[in-house]
Amino acid sequence: MTAVPPRRPIIAGNWKMNGTLPEARKLTQEILQGLRGQTDVDVILCPPFTALSTVGEILKGSPLFLGAQDMHWESSGAFTGEISPVMLKEIGCRFCIIGHSERRAHFGDTDPVIHRKLLAALEQGLNPILCVGETLQQRENGKTWEIIEGQLKAALEGIESDRIARLVTLAYEPVWAIGTGQNATGTQAQEVHGSIRAWLTGRIGKSQAQAIRIQYGGSVKSENAGELLGRPDVDGALVGGASLNAKGFISIVESALQKKEN
Ligand code: PEP
């Protein structure tokens with residue numbers, strides 16, 4: 001039996017619709033300086049579209065990655081207001097968040113739309129961070145797993161195991177925890193992450209499933225990062241609000257470093 005290499009922790013900052021160019025510059029520089037070239041955790045900054053090239057310039061030559069918050073599925077065309085994966089690649093993006101619950105709730109990102117975006121990202125060589133998660137009502141009705149399984153099945157339908165294992169990162173983001181200050185407990189997160197890993201094992205096989213990184217997202221901050229990242233199937237974090245503060249974000253990356261060392 002071959003040993004499965006440990007998964008490399010992955011921390012992404014989703015700045016959402018925040019950051020003028022001077023603010024984006026300052027935050028990126030502070031994060032870079034604070035991380036002092038560490039290379040044991042994958043760190044991704046996802047600023048708004050308008051700041052991608054500014055942040056990308058500053059990150060050039062550093063170990064940090066640039067990511068986008070969303071994309072269209074077509075490469076070009078009459079889609080006013082949209083940005084294509086080709087454009088994101090051109091500007092230096094390596095990652096793209098797909099299926100964030102705010103996109104699902106407010107911008108018509110249904111499961112079929114998310115599937116198309118995921119396929120397009122893979123076609124263009126972007127690494128998708130696929131978000132899944134249940135609302136509070138769904139959790140209270142005992143439907144958490146049913147919802148997450150449905151989102152996973154729809155998004156990954158027909159995609160080869162090898163491609164999923166090599167390129168896709170998953171993010172479990174309970175909707176009730178996003179931006180509310182009410183994070184899932186480590187136990188709640190591990191329960192869902194463990195179920196996702198078990199589902200992946202059935203879908204793509206054990207060794208491939210073991211390779212996939214599953215981030216937790218939802219009110220992650222320096223105070224709770226250790227507890228969440230200490231769980232065996234929590235391989236990183238997708239951080240919203242707390243990623244807008246360099247000190248707080250760096251301390252979350254440091255918690256991920258500790259996970260790697262343990
Ligand atoms: C997010 O937007 O992905 C998120 C997790 O936000 P927050 O950390 O603010 O809850």
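A polar contact is a pair of N or O atoms within 3.5 Å. With that in hand, the ligand is a good place to start. In this predicted model, a polar side-chain atom of Asn14 sits 3.4 Å from an oxygen atom of the ligand. Lys16 also reaches in with its side chain, putting a polar atom 2.6 Å from a ligand oxygen. Ser219 does things through its backbone instead: a polar backbone atom there is 2.7 Å from an oxygen atom of the ligand. On its own the ligand has 290 Å² of accessible area, and the protein covers 96% of that.

Who else is around the ligand? The surrounding shell holds 14 residues, with Lys16, His100, Glu173, Gly179 and Ser219 as the closest. Sorted by class, the shell has eight polar residues, four nonpolar ones and two charged ones.

Two of these ligand neighbours deserve another look, starting with their backbones. Most residues other than glycine have a negative phi. Lys16 has a positive one, near 55 degrees, and Ser219 has a positive one too, near 60 degrees. Both residues are found in loops: Lys16 is between strand S1 (10-14) and helix H1 (21-35), while Ser219 is between strand S7 (214-217) and helix H11 (222-229). Are they buried or partly exposed? The cut-off for buried is under 20% relative accessible area. Lys16 comes out at 21%, so this residue counts as partly exposed. Ser219 has a relative accessible area of 16%, so this one is buried.

Next comes the protein's interior. In soluble globular proteins, nonpolar side chains tend to be buried together. Here, the largest nonpolar core has 67 residues, and Ile11, Leu130, Leu170, Ile196 and Tyr216 touch the most other members. Helix H12 (residues 246-261) chips in with seven residues, the most given to this core. There is also a second, separate core of eleven residues, with Ile97, Ile129, Cys131 and Leu238 among them.

Two members of the 67-residue core can be followed a little further. Leaving out residues up to four places away in sequence, Leu130 touches Ile98, Arg104, Ile114, Leu118, Ala155, Leu156, Val168, Thr169, Leu170 and Ala171. Ile11, for its part, is found in strand S1 and is buried, with a relative accessible area of 0%. Its C-alpha is 9.8 Å from that of Ile250, even though the two residues are 239 apart in sequence.

Leu64 offers another case of residues separated along the chain. Its place is the loop between helix H2 (52-59) and strand S3 (65-68), and at 9% relative accessibility Leu64 counts as buried. Without its neighbours up to four places away, Leu64 is in contact with Ile31, Leu32, Leu35, Val43, Leu45 and Leu59. The C-alpha atoms of Leu64 and Ala12 are separated by 9.9 Å, with their positions 52 residues apart along the chain.

What about arginines? Arg197 lies in helix H9 (residues 186-204) and counts as buried, at 4% relative accessibility. Its contacts, not counting neighbours within four places in sequence, are Arg7, Ala209, Gln210, Ile212, Ile214, Asp233 and Asp235. Arg213 is in the loop between helix H10 (206-211) and S7. At 14% relative accessibility, Arg213 counts as buried. Its side chain makes a polar contact of 2.8 Å with the side chain of Asp42. Apart from residues up to four places away in sequence, Arg213 touches Arg7, Arg8, Pro9, Ile10, Asp42, Thr169, Leu170 and Asp235.

Thr185 rounds off the tour. This residue is found in the loop between strand S6 (169-172) and H9, and it is partly exposed, with a relative accessible area of 37%. Beyond its neighbours within four places in sequence, Thr185 is in contact with Glu227 and Leu228. Trp73 is 112 residues away along the chain, and the C-alpha atoms of Thr185 and Trp73 are separated by 35 Å.

Conventions:
Residues numbered from 1 in each chain as written. Predicted model: local features only at pLDDT ≥ 70, side-chain atom pairs only at ≥ 80, totals over all residues. Heavy atoms only, no water. Near = heavy atom within 4 Å. Polar contact = N/O pair within 3.5 Å; in protein donor to acceptor, adjacent residues only side chain to side chain. Areas by Shrake-Rupley, 256 points an atom, 1.4 Å probe, with all protein chains shown as cover. Nonpolar A, V, L, I, M, F, W, Y, C, P; charged D, E, K, R; others polar. Core = buried A, V, L, I, M, F, W, Y, C linked by side-chain atoms within 4.5 Å. Buried < 20%, exposed > 50% of the residue type's maximum accessible area, 1.4 Å probe, protein only. Helix = DSSP H or I, 4+ residues; strand = E, 2+ residues; numbered from the N terminus. Contact = heavy atoms within 4.5 Å.
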